[in-house]
Amino acid sequence: MSKFFKRLLNDSFSSDEEERNMWFAAAIEFERQNSQGSGSGDRSSRQYRYRDRVSGHSRLLNDYFVENPVYDETLFRRRFRLSRPLFLRILHTLQQHNDYFVQRRNAANTVGLSGEQKMTAALRMLAYGMSADSLDEYVRIGETTTIECVKRFCQGVVEIFGPEYLRSPNAADISRLLQKANQRGLPGMLGSLDCMHWAWKNCPAAYHGMYTGHVHRPTIVLEAVASYDLWIWHAFFGMPGSNNDINVLDASNLFANLQEGCGPSVNYTIMGNHYNMGYYLADGIYPKWATIVQSISHPQELAHEFFAKKHESYRKDVERAFGVLQARFAIVRGPARFWHHEDLTLIMKACIILHNMIIEDERVDDNGLVAMASGNDDYDSLGTDGPVEVSRGPISFDHFMATNRAIRDSDTHYALRRDIIAHLWTLHGQGVIE
């Protein structure tokens, strides 16, 4: 109600209640008529829809969450992208972290949406990349509420599970990675490095030039490191699509722990030469650094040809990780329809966290058996080439600059690649690697 009518009702007619009510009704009718046609954002023009949320909740429980559901675990895994125990684990953790996912009653004493409905709406949008209002018929949830569920779900996943599932490799992780690298004939390899572009459909027109690169449409770049089991250990997202992989590498924090001296040490020996920094496999655009090993584009010798074959085969780990990530969560495969860069960052990080959680939940061991998130990986038989210490103390500026120069040393890059070529060819001659 406008200030004029409020002042009029307060200053006059205070003694006559009937006359006051008459003027009050007239004021409301006057403002209602003037507000018609003022736009879709006006509350008076919105239409209320009774969605019967209770029946939607009951149908969802009967379909997936009761003791004998309509759809079994296989269909649940296909439609939600994760297992039912993992779904419930995430839901219960979110409910303890944020009461938004707890079913409550509103001011009108009406039962609201349940946590299962809200999380189902969020996961379906992430998994299928569908529009927000496409879930209304089944989940009984409105468009704006679905968008809010996606944002709150992604924010909760990043805040709760981010420190664990977006962490850098610790000493035990590096030991397992180095053991697998030794089996592949590449001692010291920690994973493969590459970038992926996510198209931004609703990029503001003022930002088109900054976010448009070789894809010829606005995109946002994701830099990632993936290991043999497709676990994404490093994810740096947010650089405009006009940047190439070198610019993204210079801006990312991939080697920040190594430069600051607070990461696990990696010590290994190849062909009698000792190295104390792990390396990543990458394609030809990346610089010739001691921590990046590239293939040989035109090998002329049999040893070089064998090295290029193995390098290009193992470097596909990160490409496979991108493919699985986009297959599981179609929202990062198609053009992003959100408006704000912060929302896209939360969505990408949440999808990567869920991707790693699924890998942990369905990890397959060397015998082909699924280890359901036991967390009891055996590191007792891992050799002596694993990490030996982790430094956490402050470092001097001279030490920081020396480490930075060692990372970017091209001579070490070429020497390391020569040793890897000789080592692979020796193993091939012995029949260890085909």
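How many bridges join strand 1 to strand 2, and in which direction do the two strands run? Eight bridges join strand 1 to strand 2 (residues 219–226), and the pair runs antiparallel. The model discussed here is predicted. Its protein chain has 17 helices and nine strands, and buried residues make up 44% of its 434 residues. The points below cover the overall fold, strand 1 and its partners, the surroundings of Y286, helix 13, the nonpolar cores and the salt bridges.

**Overall features**

- The accessible surface of the protein chain comes to about 22700 Å², and carbon and sulfur atoms account for 50% of that area.
- When contacts between residues at least 6 apart in sequence are considered, 67% join residues at least 24 apart.

**Strand 1 and its partners**

- Strand 1 spans residues 189–199, and ten of its eleven residues are buried.
- On its pairing with strand 2, M196 stands opposite L222.
- Strand 1 also pairs with strand 6, through three bridges and in a parallel direction.
- Within that parallel pairing, S192 has L281 of strand 6 as its bridge partner.

**Surroundings of Y286**

- Y286 is found in the loop between strand 6 (279–282) and strand 7 (292–294).
- With a relative accessible area of 1%, Y286 counts as buried, because the cut-off for a buried residue is under 20%.
- Apart from neighbours within four places in sequence, Y286 is in contact with L193, D194, C195, D245, L249, I292 and Q294.
- One of these contacts, D245, is 41 residues from Y286 in sequence, while the two C-alpha atoms are 6.9 Å apart in space.

**Helix 13**

- Helix 13 has 13 residues, which at 1.5 Å a residue should span 18 Å; the end C-alpha atoms are 18 Å apart, in agreement with that expectation.
- The buried residues of helix 13 are A303, F306, F307, A308, K310, H311 and Y314.
- These buried residues pack against helix 9 (171–184), strand 1, strand 6, strand 7, helix 14 and helix 17 (410–429).

**Nonpolar cores**

- In soluble globular proteins, nonpolar side chains tend to be buried together.
- The largest nonpolar core has 67 residues, of which L82, F87, I90, L126, F153, F329 and M348 touch the most other members.
- Helix 15 (residues 341–361) gives the most to this core, with eleven residues.
- Leaving aside neighbours within four places in sequence, M348 is in contact with M196, W198, L222, F237, L325 and V332. Two residues named there, M196 and L222, also stand opposite each other in the pairing of strand 1 with strand 2.
- A second, separate core has 42 residues, and its members include C195, Y275, A282 and A290. C195 is also among the contacts of Y286.

**Salt bridges**

- The structure holds twelve salt bridges, including those described below.
- D194 forms a salt bridge with R315, with the closest N and O atoms 3.8 Å apart. D194 lies in strand 1 and R315 in the loop between helix 13 (302–314) and helix 14 (316–328), so the pair ties together parts that are 121 residues apart in sequence.
- Both D194 and R315 are buried, and D194 is also one of the residues in contact with Y286.
- R152 forms a salt bridge with E148, with the closest N and O atoms 3.0 Å apart. The two residues are separated by about one helical turn because they are four residues apart in helix 8 (residues 143–165).
- Both members of this pair are partly exposed: R152 has a relative accessible area of 31%, and E148 has one of 33%.
- R320 and D317 meet through their side chains in a salt bridge of 3.1 Å, N to O. Both residues lie in helix 14, three residues apart, about one turn of the helix.
- In that pair, R320 is partly exposed, with a relative accessible area of 42%, whereas D317 counts as buried at 4% relative accessibility.
- Salt bridges that share partners join R167, D173, R176 and D229 into one network.

Conventions. Residues are numbered from 1 along each chain as its sequence is written. This is a predicted model: local features need pLDDT of at least 70, side-chain atom pairs count only at pLDDT 80 or more; totals for chains, interfaces and linings use all residues. Side-chain values use heavy atoms; hydrogens and water are left out. A salt bridge is a side-chain nitrogen of Lys or Arg within 4 Å of a carboxyl oxygen of Asp or Glu. Buried means under 20% relative accessible area, exposed over 50%, partly exposed in between (1.4 Å probe, protein chains only). Contact means heavy atoms within 4.5 Å. The expected span of a helix is 1.5 Å times one less than its number of residues. A nonpolar core is a set of buried Ala, Val, Leu, Ile, Met, Phe, Trp, Tyr and Cys residues joined through side-chain atoms within 4.5 Å. Accessible areas come from the Shrake-Rupley method with a 1.4 Å probe; for residues, only the protein chains shown count as cover. Two strands pair if DSSP finds at least two bridges between them.
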